[in-house]
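Please open the model in your viewer and keep the selection panel at hand. The tour below proceeds by selections, each followed by an account of what is found there.

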Amino acid sequence: IFSVVDHVLIRPLGYPHEDRLVYLLQHGKAGNQRLVSYPTLQDWAQSAPGFDGMSFVRGDRVRLAMPGGPEPLLAAFVSPGFFHLIGTPPELGRTFVPEEELSSGTSTVVLSHELWVRLFASDPKIIGRTVSFDSGTAVVIGVMPSNFAIPSFADLWQPISQIIDREPVLKR
C-alpha cells in the first residue's frame, strides 16, 4: 500500500506547474461528456485568453518492427507545442521542433522511459536511430523521464501531423 501512496500522493508528478494542467471535455445535449475534437480544440485555442495554451492528444495502436517480430504499442499523436506546454524536458535527447510538427516534416518519435528500457536496453545511442512502424519509419529524437505520463497509456509520442492525412476526422 505504501508504494501506491508514495507514487500517487507523495512523489510529485514530473510536470512543472502540474496544478495548472486541466483536461477538457465537451458536454453533449443529453448531458454526456465526450472528448473534444481536434478542430474544436484548435478553435478554442484561438479564442481562450485564460489559457497559456492547449494541446490535443490522439491515441492509436502502432506496431514497432523488432528483431523478434512486431511489438504492439500505444502511441500518443500530439498537436504542435505539446511538450513545450507541459514543460517537462526529456531525459535524453529532445522533443519536437516546429518543423517536425508539420505534415511535411521529418517523421520523428519520442520514447517513454519504460519503452526505452524494455525494448532498447536503455541504450543512450538510441537518439538518431531510425525505427520502423507499420505506417513507416521515424527517427528517435528523445526519451522522456520515468515519471512522465501524459497521457498515461503512451509508449511513445509522435506529431499529430504524422496521421492527419489518413484521419479525415482530424481535419477542419
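**First selection: helix H2**

Select residues 38-46, which form helix H2; helices (H or I, at least four residues) and strands (E, at least two) are DSSP runs, numbered from the N terminus. Within H2, the buried residues include Tyr38, Pro39, Thr40 and Leu41, where buried means under 20% relative accessible area, exposed over 50% and partly exposed in between (1.4 Å probe, protein chains only). Add residues 25-27 to the view: this is strand S1, part of what covers the buried residues of H2.

Before going further, note that this is a predicted model, in which local features need pLDDT of at least 70 and side-chain atom pairs count only at pLDDT 80 or more, while totals for chains, interfaces and linings use all residues. Residues are numbered from 1 along each chain as its sequence is written, and side-chain values use heavy atoms, with hydrogens and water left out.

**The whole chain**

Now display the entire chain, coloured by pLDDT, the predictor's confidence in each residue, from 0 to 100. The mean pLDDT is 85, and 85% of the residues reach 70 or more. Which elements have the lowest and the highest mean pLDDT? Helix H1 (residues 2-10) has the lowest, 47, and strand S5 the highest, 98. Over residues 1-11 pLDDT stays under 50, and the model has 4 contacts for them beyond four places in sequence; a contact means heavy atoms within 4.5 Å.

The chain holds 4 helices and 9 strands, in the order α-β-β-α-β-β-α-β-β-α-β-β-β from the N terminus. Of its 172 residues, 38% count as buried. Among contacts between residues at least 6 apart in sequence, 63% join residues at least 24 apart.

**The loop after S1**

Select Asn32, in the loop between S1 and strand S2 (33-35). Asn32 is partly exposed, with a relative accessible area of 39%. Residues up to four places away in sequence aside, Asn32 touches Gln26 and His27.

**Strand S8 and its partners**

Select strand S8 (residues 136-143) together with strand S7 (residues 130-133). These two strands pair in the antiparallel sense over 4 bridges; strands are said to pair if DSSP finds at least two bridges between them. S7 and S8 form a hairpin with 2 residues between them. Bridge partners to locate are Val131 with Ala138 and Phe133 with Gly136.

In a regular strand the side chains alternate between the two faces of the sheet. In S7, Val131 and Phe133 make up the covered face, and Thr130 and Ser132 the uncovered one.

Next, add strand S6 (residues 108-111), which runs parallel to S8 and is joined to it by 4 bridges. Here Val110 has Gly142 of S8 as its bridge partner. Strand S5 (residues 92-93) pairs with S8 in the antiparallel sense over 2 bridges, and Leu92 stands opposite Val143.

**The nonpolar cores**

In soluble globular proteins, nonpolar side chains tend to be buried together. Select Val109, Leu111, Phe120, Phe133 and Leu156, which touch the most other members of the largest nonpolar core, a set of 28 residues. A nonpolar core is a set of buried Ala, Val, Leu, Ile, Met, Phe, Trp, Tyr and Cys residues joined through side-chain atoms within 4.5 Å. H2, strand S3 (57-64), S4, S6, helix H4 (113-120), S7 and S8 each supply at least two residues of this core. The largest share, 4 residues, comes from H4. Apart from this core lies another, of 13 residues, among them Val78, Phe83, Phe96 and Ile150.

**Leu73 and Asp155**

Select Leu73, found in strand S4 (residues 71-78). Is Leu73 buried or exposed? Leu73 is buried, with a relative accessible area of 3%. Its contacts beyond four places in sequence include Val62, Leu115, Arg118 and Asp155. Leu73 and Leu115 are 42 residues apart in sequence and 9.1 Å apart in space, C-alpha to C-alpha.

Finally, select Asp155, in the loop between S8 and strand S9 (156-159). Asp155 is buried yet has no salt bridge, that is, no side-chain nitrogen of Lys or Arg within 4 Å of a carboxyl oxygen of Asp or Glu. The nearest side chain of opposite charge, Arg118, is 4.4 Å away; Lys and Arg count as positive and Asp and Glu as negative, while His and the chain ends are not counted. Beyond four places in sequence, Asp155 is in contact with residues including Leu73, Leu74, Ser112 and Arg118.
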